[in-house]
Amino acid sequence: MLTGICLGTNDLAKAGQFYDVVLGTIGMRCKYEEPHERGYAGNDGVVSVWIVSPFNEKPATYGNGTQVIFEAADKAAVDAFYAAALANGGTDEGPPGPRSYHPDYYGAYMRDHDGNKLHVAIPVTFPD
């Protein structure tokens, strides 16, 4: 069972400013902060997203084919997340809208300033 994710950054202050705004659009807030990491939690108070400076002190990098998917309550939340990401230094990887993956899909793709790929969408159910 997944309990959380970690995204590396090369500028924690800049990443903190970005994620405070972007994750705030879906109800997540920074609940934990130290010089090398920030932890974000939803309404349940459980920290599940960590933004960190790599422990080994080497540059943070992103993975090709790797993305972190965030749940949005509705289309307006997807749109707000995407807009906040772009307004705060993120780059477009696919604007909000439906895709062919699923008839009920609505989501968007973007990258943070470190190149980490973010995906926000309304959850969809796939049959067994």
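## Arg38 and its surroundings

Not counting residues up to four places away in sequence, Arg38 touches Leu12, Gly16, Asp20, Cys30, Tyr32, Glu33, Val49, Trp50 and Ile51. The structure described here is a predicted model. Arg38 belongs to strand S3, which covers residues 37-41. Its relative accessibility is 8%, and the cut-off for a buried residue is under 20%, so Arg38 counts as buried.

Two polar contacts involve the side chain of Arg38. One is with the side chain of Asp20, at 2.6 Å. The other is with the side chain of Tyr40, at 2.9 Å. Asp20 is also among the residues that Arg38 touches.

## Helix H1

Helix H1 runs over residues 12-24 and has 13 residues. At 1.5 Å a residue, the helix should span 18 Å, and its end C-alpha atoms are 17 Å apart, so the two values agree.

Which residues of H1 are buried? They are Leu12, Ala15, Gly16, Phe18, Tyr19, Val22 and Leu23. Two residues named in that list, Leu12 and Gly16, also appear among the contacts of Arg38.

## Gly4, before the first strand

Gly4 sits in the segment that comes before strand S1 (5-8). Is Gly4 buried or exposed? With a relative accessible area of 30%, Gly4 is partly exposed. Along the chain, Gly4 and Gly39 are 35 residues apart, and their C-alpha atoms are separated by 9.9 Å.

## The loop between S4 and S5

Pro54 and Glu57 can be described together. Pro54 is in the loop between S4 and S5, and Glu57 has its place in the loop between S4 and S5 as well. Pro54 counts as partly exposed, at 23% relative accessibility. Glu57 has a relative accessibility of 74%; the cut-off for exposed is over 50%, so Glu57 counts as exposed.

Most residues other than glycine have a negative phi. Glu57 is not a glycine, yet its phi is positive, at about 65°.

Which residues does Pro54 touch, not counting those up to four places away in sequence? They are Thr9, Pro59 and Ala60. Leu23 lies 31 residues from Pro54 in sequence, and the distance between them in space is 21 Å, C-alpha to C-alpha.

## Tyr106 and its contacts

Tyr106 lies in the loop between strand S6 (91-97) and strand S7 (107-111). Its relative accessibility is 12%, so Tyr106 counts as buried. Leaving aside neighbours within four places in sequence, Tyr106 is in contact with Lys75, Val78, Asp79, Pro96, Gly97, Pro98, Val120, Ala121 and Ile122.

The side chains of Tyr106 and Asp79 are joined by a polar contact of 2.7 Å. Val78 is another residue in the contact list of Tyr106. Tyr106 and Val78 are 28 residues apart along the chain, and 7.8 Å separates their C-alpha atoms.

## Val120 in strand S8

Val120 is part of strand S8. Its relative accessible area is 0%, so Val120 is buried. Leaving aside its neighbours within four places in sequence, Val120 is in contact with Phe70, Ala72, Val78, Phe81, Tyr105, Tyr106, Gly107, Ala108 and Met110. Val78 thus appears in the contact lists of both Tyr106 and Val120.

How far apart are the C-alpha atoms of Val120 and Glu33? The separation is 24 Å, and the two residues are 87 residues apart along the chain.

## The largest pocket

The largest pocket holds about 560 Å³ of space. It is lined by 24 residues, and those closest to its centre are Ile26, Met28, Ile69, Phe70 and Glu71. Phe70 is also one of the contacts of Val120.

Which strands supply at least two residues each to the lining of the largest pocket? Strand S4 (47-52), strand S5 (68-71) and strand S8 (117-121) each do so. The largest share, 4 residues, comes from S5. By residue type, the lining of the largest pocket divides into 16 nonpolar, 6 polar and 2 charged residues.

Methods. Residues are numbered from 1 along each chain as its sequence is written. This is a predicted model: local features need pLDDT of at least 70, side-chain atom pairs count only at pLDDT 80 or more; totals for chains, interfaces and linings use all residues. Side-chain values use heavy atoms; hydrogens and water are left out. On a 1 Å grid over the protein atoms alone, a cavity is a set of points where a 1.4 Å probe fits but cannot get out, and a pocket is an open set with protein on both sides within 12 Å along at least five of seven lines; lining residues have an atom within 4 Å of a point. Grid points are joined across faces, edges and corners, and a volume is the space filled by probe spheres set on the points. Ala, Val, Leu, Ile, Met, Phe, Trp, Tyr, Cys and Pro count as nonpolar, Asp, Glu, Lys and Arg as charged, and the others, Gly among them, as polar. Buried means under 20% relative accessible area, exposed over 50%, partly exposed in between (1.4 Å probe, protein chains only). The expected span of a helix is 1.5 Å times one less than its number of residues. A polar contact is a pair of N or O atoms within 3.5 Å; within protein, one must be able to donate a hydrogen and the other to accept it, and residues adjacent in sequence count only if both atoms are side-chain atoms. Contact means heavy atoms within 4.5 Å.
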